[in-house]
Amino acid sequence: MANPNNLCPGCMNEKLADGKCPICGYNPEEPVNPMFLRPGSMLDGRYMIGKATDNNGEGITYLGYDTVTATTVNIREFFPLGLCERSEDGNVLMLSGAEFDYNDTLLKFVDLSKQLFQLNELPALFDIVDIREANSTAYRITKAVPSITLREFLMRNGGMLKWDQARSLFAPLVSSISAIHKAGIIHRGISPDTLYVGKDGKVRIAGFCIPETRTARSAVTSQLFPGFAAIEQYGEAGTQGSWTDVYAFAATIYRTLVGNPPPEATERIENDNMTIPAKIAHETPKAVLETLANALQVLPDDRTMTIDEMRKGLSVSAAVSTASVKKEPAAPTAPQRSKKSSKKKNGSG
C-alpha cells in the first residue's frame, strides 16, 4: 500500500522527485483556488484529496486516493456557488440568507447520490464506492477508471465518426440511460463533456447533478451545455423529463456525425436552420436520420418522449441501409418530424 504522503496529487502516482511531477506535470508550487480543498488534505481520515479536476455551480470534483482500498477515486464535493463559502479549516459555511436553499439542495445531492449507488450494476456508470457527510457538506466517491472525454476522443479521431463507428460507441448507452430514467433520474447534461471513453473501450456517463444545476435561473449557478441543452432547461417552453435527455443524447450523436453541435436551442426556437451536410446524410441510414430528427425537435411536445423510442432507429447498420440512403437527396435544412402524434408530457425528474 502506497503512503499517501508520497503520492502526486495530480495523478496519484508515486512521487519520483520533489517539485513538478514528471508524469502529469502537476506543480505543488502553483496557487490553489481558496474555494477548493487543499491537495494532500484528508477527508474523514480515509480519502486523500488531490487536485480539483472539475467544478460547476453544484460543487467540485477532486482526484482522490482511498487509503483503505489503496485505489484511486474521484471525489465529488457538494459546494453550491452563491450559497456557501470555505473556512480556513476546510469546512463549508452557509451564507447568511441562503440557509434554506443550501439545505434543500444538499438533501437533493445526497438523495441523488443514494439513487445512483443503487444503479452501480449499470455498465455505463462509474461505480459509487462511498457517500460521506463531513465538513458540513456531503461527498460522493466514485471508482476512477482511466478514460478521456468523448470530446477529446473525437478530436483524437479526426473530429467526427461515421455512423457504424458511432453506433458501436453509443448503442451500449441506450439501456443504461433507459434504466436511469426508470429509476426517476434525469441527467440533463449529456454531452461530449460528460461522456467518457475508457481504456477498456466502454463509454460511461459522468456529470450527474441536482436539477437546479442544469436549469437556468435556479437557486444555484447553472451549467448548461450550449447545443446539447434542451429548450425547457432555459425555462422557455415545457417541463423537463426523459425527453430532455433524449434531446441531449441525439445532439451528442449529431455532433459525433457532423463535427459540430446543433445550434443552441434558444436560437433554434427563433430560427431553426439546423442542417446535416449532404455527404453525411448519404452515408447515414434514413432510419437514423429520422430518429435524430424526431429526437431533436425543439419543442418538448413535438419530441420523442423516451430513449426506448429511439432504440430501434439507432440499431440500424449503415451496411444494411446504404442502398436506400444513397437515393435520398441532400439533407433537409431543419430536421422534420416523421408523422406521429405529438404527446403531452408531464414533468418528472
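**Loops, sheet, pocket and aromatic pairs in a predicted model**

Gly238 is situated in the loop that runs between strand S11 (203-205) and H4. The model described here is predicted, and in it Gly238 counts as exposed, with a relative accessibility of 57%. Between the C-alpha atom of Gly238 and that of Ala98, a residue 140 positions away along the chain, the separation is 28 Å.

Two further loop residues were examined for their backbone conformation. Most residues other than glycine have a negative phi. Asn135, although not a glycine, has a positive phi of about 55°; Asn135 belongs to the loop between S7 and S8, and at 23% relative accessibility Asn135 counts as partly exposed. Arg188, likewise not a glycine, has a positive phi of about 75° and is placed in the loop between H3 and strand S10 (195-198). With a relative accessible area of 6%, Arg188 is buried.

The sheet was considered next. Strands of a sheet pair through backbone hydrogen bonds, in either a parallel or an antiparallel manner. In this model 6 strands make up an open sheet, in the order S1-S2-S3-S4-S8-S7, and their pairing is antiparallel. Its edges are formed by strand S1 (42-43) and strand S7 (128-134), each of which pairs on one side only. At the S1 edge, S1 and S2 are paired in the antiparallel sense over 2 bridges, and Met42 has Met48 in S2 as its bridge partner. S2 is in turn joined to S3 by 6 bridges, the two strands running antiparallel, with Ile49 standing opposite Gly64 in S3; the connection from S2 to S3 is a hairpin through 3 residues. Between S3 and S4, which also run antiparallel, there are 8 bridges, and here Asp66 stands opposite Thr71 in S4. The hairpin of S3 and S4 has 4 residues between the strands, and within this hairpin Ala70 adopts a positive phi near 55°.

S3 itself is largely enclosed by the rest of the structure, because 8 of its 8 residues are buried. Gly59, Thr61, Leu63 and Tyr65 point one way from S3, whereas Ile60, Tyr62, Gly64 and Asp66 point the other way, and all of these residues are buried.

Several strands of the sheet also contribute to the largest pocket, which holds about 1000 Å³ of space. At least two residues of its lining are supplied by each of strand S2 (47-55), strand S3 (59-66), S4, strand S8 (137-143) and strand S9 (147-149). The lining of the largest pocket comprises 35 residues, and those nearest its centre are Thr53, Thr61, Asn74, Tyr196 and Ala206. Thr61 is also among the residues of S3 that are buried. Divided by class, the lining of the largest pocket has 16 nonpolar, 11 polar and 8 charged residues.

Contacts between aromatic rings were then assigned, with ring centres within 6.5 Å taken as a pair. By this rule the count comes to 4 aromatic pairs. In one of them, the rings of Phe78 and Tyr102 have centres 5.6 Å apart and planes at 55°, so the pair is tilted. Phe78 belongs to strand S4 (residues 71-78) and Tyr102 to helix H1 (residues 99-117), so this pair ties together parts that are 24 residues apart in sequence. Phe78 is buried, its relative accessible area being 0%, and Tyr102, at 2% relative accessibility, likewise counts as buried. A second pair, that of Phe170 and Phe249, is edge-to-face, with 5.8 Å from centre to centre and 85° between the planes. This pair links distant parts of the chain, since Phe170 is in helix H3 (residues 163-182) and Phe249 in helix H4 (residues 242-258), 79 residues apart. Both partners are assigned to the interior: Phe170 is buried at a relative accessible area of 3%, and Phe249 counts as buried at 0% relative accessibility.Phe78 and Tyr102 also form one aromatic cluster together with Phe109. Apart from these ring-to-ring contacts, a charged group is placed against an aromatic ring: the charged end of Arg204 sits over the ring of Phe126, at 5.9 Å from its centre.

Terms used:
Residues are numbered from 1 along each chain as its sequence is written. This is a predicted model: local features need pLDDT of at least 70, side-chain atom pairs count only at pLDDT 80 or more; totals for chains, interfaces and linings use all residues. Side-chain values use heavy atoms; hydrogens and water are left out. Rings of Phe, Tyr and Trp (its six-membered ring) pair if their centres lie within 6.5 Å; planes under 30 degrees apart count as stacked, over 60 as edge-to-face and the rest as tilted. Buried means under 20% relative accessible area, exposed over 50%, partly exposed in between (1.4 Å probe, protein chains only). A charge sits over a ring if NZ of Lys or CZ of Arg is within 6 Å of the ring centre and within 35 degrees of the ring normal. On a 1 Å grid over the protein atoms alone, a cavity is a set of points where a 1.4 Å probe fits but cannot get out, and a pocket is an open set with protein on both sides within 12 Å along at least five of seven lines; lining residues have an atom within 4 Å of a point. Grid points are joined across faces, edges and corners, and a volume is the space filled by probe spheres set on the points. Ala, Val, Leu, Ile, Met, Phe, Trp, Tyr, Cys and Pro count as nonpolar, Asp, Glu, Lys and Arg as charged, and the others, Gly among them, as polar. Two strands pair if DSSP finds at least two bridges between them.
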